[in-house]
Each structure stands twice: as C-alpha cells, then as structure tokens.
Amino acid sequence: MSKNAKIAAGGAAVGILLLIWLPWWAALLIILGVPAGAYLALDPSQRRRLRRNTRRELGR
C-alpha cells in the first residue's frame with residue numbers, strides 16, 4: 001500500500017469514527033475545516049508548488 005493510500009485510509013477511518021461519535025454537522029465541519037485550515041496556513045510559494053504538483057499528477 002502506498003503512502004498516500006495509507007493516509008487516505010486513515011482519514012476515512014477517522015471520518016467514520018467522527019460521524020459515529022459527534023453530531024453529523026460537527027463531524028462535517030472538522031472533516032472539511034482541517035484540510036482547508038492547513039492549506040490556508042501555507043505560504044504563497046508553497047501553495048503555488050502544491051497546485052503545480054497537483055496539476056502534474058492529474059496529467060495536465
């Protein structure tokens with residue numbers, strides 16, 4: 001299993017646990033808010049590099 005697949009599987013497991021443990025709206029807020037907060041915490045140059053790598057992986 002690749003590193004990205006392990007991260008995705010862990011994220012899905014945490015998301016399911018949050019949905020069981022918390023009300024659905026709180027779990028949704030956490031699931032969407034953490035990645036958005038992490039992206040906003042990056043420097044502009046890091047955001048550009050991330051967008052460039054994401055486009056390259058998509059074959060653009």
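Guide: Welcome! In what follows, a residue is buried under 20% relative accessible area, exposed over 50% and partly exposed in between, using a 1.4 Å probe and protein chains only. The model is predicted, so local features need pLDDT of at least 70 and side-chain atom pairs 80 or more, while totals for chains, interfaces and linings use all residues. Numbering runs from 1 along each chain as its sequence is written, and side-chain values use heavy atoms, without hydrogens and water.

Visitor: Is glycine 15 buried or exposed?

Guide: Glycine 15 lies in helix α1; helices (H or I, at least four residues) and strands (E, at least two) are DSSP runs numbered from the N terminus. Its relative accessible area is 9%, so glycine 15 is buried.

Visitor: And isoleucine 20, is it buried or exposed?

Guide: Isoleucine 20 belongs to helix α1, which covers residues 3-21. Because its relative accessibility is 66%, isoleucine 20 counts as exposed.

Visitor: How far apart in space are glycine 15 and isoleucine 30?

Guide: Along the sequence, glycine 15 and isoleucine 30 are 15 residues apart. From C-alpha to C-alpha, the separation of glycine 15 and isoleucine 30 is 8.8 Å.

Visitor: What is the radius of gyration of the protein chain?

Guide: The chain has three helices and zero strands. The globule rule (2.2 Å times the number of residues to the power 0.38, with the radius taken over C-alpha atoms) is the yardstick here. For 60 residues the rule gives 10 Å, and the chain is more spread out than a compact globule because its radius of gyration is well over that, at 14 Å.

Visitor: Which helix gives the largest share of the nonpolar patch?

Guide: Patch residues have over 30% relative accessible area and no salt bridge (a side-chain nitrogen of Lys or Arg within 4 Å of a carboxyl oxygen of Asp or Glu); like charges are joined within 9 Å and nonpolar side chains (Val, Leu, Ile, Met, Phe, Trp, Tyr) within 5 Å. Leu19, Trp24, Trp25, Leu28, Ile31 and Leu32 form the patch, with about 680 Å² of accessible area together, by the Shrake-Rupley method with a 1.4 Å probe and, for residues, only the protein chains shown as cover. The largest share, five residues, comes from residues 24-40, helix α2.

Visitor: Which residue has its charged end over the ring of tyrosine 39?

Guide: A charge sits over a ring if NZ of Lys or CZ of Arg is within 6 Å of the ring centre and within 35 degrees of the ring normal. Over tyrosine 39, 5.4 Å from the ring centre, sits the charged end of arginine 47.
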